[in-house]
Amino acid sequence: MKGYLFRLLNHEELSREEMKTILVGITHSEYPNEQITALLTCLQMRGVTVDELLGFRDGILETGVPVPLDCDRYIDVVGTGGDRKNTFNISTTSCFVIAGAGYKVAKHGNYAATSTSGASNVIAQHGVKFTDDLDQLNRCMQEAGIVYLHAQLFAKAMKFVGPIRKALPFPTIFNLLGPLVNPSQPSCQLLGVANLDQMRLYHQVYQRIGIDYGIVNSIDGYDEISLTGDFKVTTNNYERIFSPRDLGFDIAKPEELVAGATEQEAKEIFDAVLENRALPAQKNIVLANAAFGIQVLEKGQKSIEESIAIARESIDSGAALRTFKKFVELNS
């Protein structure tokens, strides 16, 4: 580790294999916390490279619990977090809309770090019990079309760096890893990022991993399609800036996206969208994010207008709500 730190201080880059070795070493308690802290600080000051990020990803997946699902094509919809906007559970709600439309979803998530309610918070609020039982997960995928993978059950390496991450006043490479370490390794992903630098980084990462992807960023700083203004989308097939009106939606107000002050308030918005009684802006935001996820699943063969119509039918017909109720029934 001293050799790695010396190289980082000289502005050198570490290889993918070296980063994987370091991550595995962290899980074997081979390094003192002071050296891990120095490593994370050096990487953050210089900026993480694609190979360095992929190396840590390799290590987390190797030391974690794999989830081989009996399903060929499914998607995860996730945000990097950290945009400090405290939005309601847009990605999680979108996942159930996509599943309600007949597609398969493996949602990977955790408790909130900087907002009122993370994916695990809102799902646990409904009495769902998290599991790593592969038989149960596969049954849920077959019967409900969606599984939820609570990150703490699978990424075993994270517990070794938890205290260090809490002690540091800045984000680290581990904040970038969350969207990349879904233990089922889906072939499709829709990712929301908080800035264009992250969009460029993940664009290169996804090209290296070789999956179908969409990366979205709202120009005003949301790590999802917020409809509060223009947003950029990068996929395997195109790169484009959209406005809400390009999709037939009104511009949303920031206050219409807020999760509220409590987990219960966030749960109420989640329920309202699936029950088709939410504010128009709340429903539209979920429709937009779900639609771009559907477009990724369809390999870009459906227009965004067609994808929005599919997502809208999922909510309006009650299919998204039925899917969620089935999911809760199977996991309570």
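# Notes on a predicted model

1. A good place to start is Ser218, which sits in strand 5, the stretch covering residues 212–218. Please keep in mind throughout that this is a predicted model. Ser218 has a relative accessible area of 0%, so it is buried. What does the side chain of Ser218 reach at 2.6 Å? The partner is the backbone oxygen of Glu224. A polar atom of that Ser218 side chain also lies 3.0 Å from the backbone nitrogen of Ser226. If you set aside the neighbours within four places in sequence, the contacts of Ser218 are Glu224, Ile225, Ser226, Asp230 and Phe231.

2. Tyr148 is another residue worth a click, and you will find it in strand 3, residues 146–150. Is Tyr148 buried or exposed? Its relative accessibility is 6%, which is under the 20% limit, so Tyr148 counts as buried. The side chain of Tyr148 comes to 3.4 Å from the backbone oxygen of Gly109. A polar atom of the Tyr148 side chain is also 3.3 Å from the backbone nitrogen of Asn110. Gly109 and Asn110 both appear in the list of residues that Tyr148 touches beyond four places in sequence, together with Lys107, His108, Ala119, Ser120, Ile123, Phe130, Leu137 and Phe327. For a backbone view, try the C-alpha atoms of Tyr148 and Ala106: these residues are 42 apart along the chain, and the atoms are separated by 6.0 Å.

3. Val128 belongs to a loop, the one between helix 6 (119–124) and helix 7 (134–144). With a relative accessible area of 7%, Val128 is nevertheless buried. Which residues does Val128 contact, leaving aside those within four places in sequence? They are Ile123, Phe327, Val328 and Asn331. Ile123 and Phe327 are also among the residues touched by Tyr148. The chain separation is worth seeing here too: Val128 and Glu329 are 201 residues apart in sequence, while their C-alpha atoms are 8.3 Å from each other.

4. Next, helix 5. How many of the 11 residues of helix 5 are buried? The count is 11 of 11, so this helix is mostly covered. The buried set runs Ile90, Ser91, Thr92, Thr93, Ser94, Cys95, Phe96, Val97, Ile98, Ala99 and Gly100. After helix 5 comes Gly102, with a positive phi near 100°.

5. Helix 5 (residues 90–100) has a packing partner in helix 11 (residues 263–274): their axes come within 10 Å and cross at roughly 25°. That angle falls under 35 degrees, and the two helices are therefore roughly parallel to each other. The crossing of helix 5 and helix 11 is right-handed. On the helix 5 side, the residues that meet helix 11 are Thr92, Thr93, Phe96 and Val97; helix 11 offers Phe270, Val273 and Leu274. By class, the residues of this contact are five nonpolar, two polar and no charged. A reminder that may help when you look at such a face: an α-helix has 3.6 residues a turn, so residues three or four places apart point the same way.

6. A second helix pair is helix 12 (residues 280–297) with helix 13 (residues 304–316), where the axes are 8 Å apart and the packing angle is about 120°. That makes helix 12 oblique to helix 13. The crossing of helix 12 and helix 13 is right-handed. Which residues make the contact? Helix 12 brings Lys283, Leu287, Ala290, Ala291, Phe292, Ile294 and Gln295, and helix 13 brings Ile304, Ser307, Ile308, Ile310, Ala311, Arg312, Ile315 and Asp316. Sorted by class, the residues of the contact of helix 12 with helix 13 are 10 nonpolar, two polar and three charged.

7. Finally, two backbone details you may like to check on screen. His11 is a residue other than glycine with a positive phi, near 65°. His11 sits in the loop between helix 1 (2–9) and helix 2 (16–27), and its relative accessibility of 64% means that it counts as exposed. Asn276 likewise has a positive phi without being glycine, here near 60°. Asn276 is in the loop between helix 11 and helix 12. With a relative accessible area of 35%, Asn276 is partly exposed.

Notes:
Residues numbered from 1 in each chain as written. Predicted model: local features only at pLDDT ≥ 70, side-chain atom pairs only at ≥ 80, totals over all residues. Heavy atoms only, no water. Axes fitted to C-alpha atoms, helices over the stretch in contact; angles between N-to-C directions. Helix = DSSP H or I, 4+ residues; strand = E, 2+ residues; numbered from the N terminus. Parallel < 35°, antiparallel > 145°, perpendicular 65-115°, else oblique. Left-handed = near helix turned anticlockwise from the far one by under 90°. Contact = heavy atoms within 4.5 Å. Nonpolar A, V, L, I, M, F, W, Y, C, P; charged D, E, K, R; others polar. Buried < 20%, exposed > 50% of the residue type's maximum accessible area, 1.4 Å probe, protein only. Polar contact = N/O pair within 3.5 Å; in protein donor to acceptor, adjacent residues only side chain to side chain.
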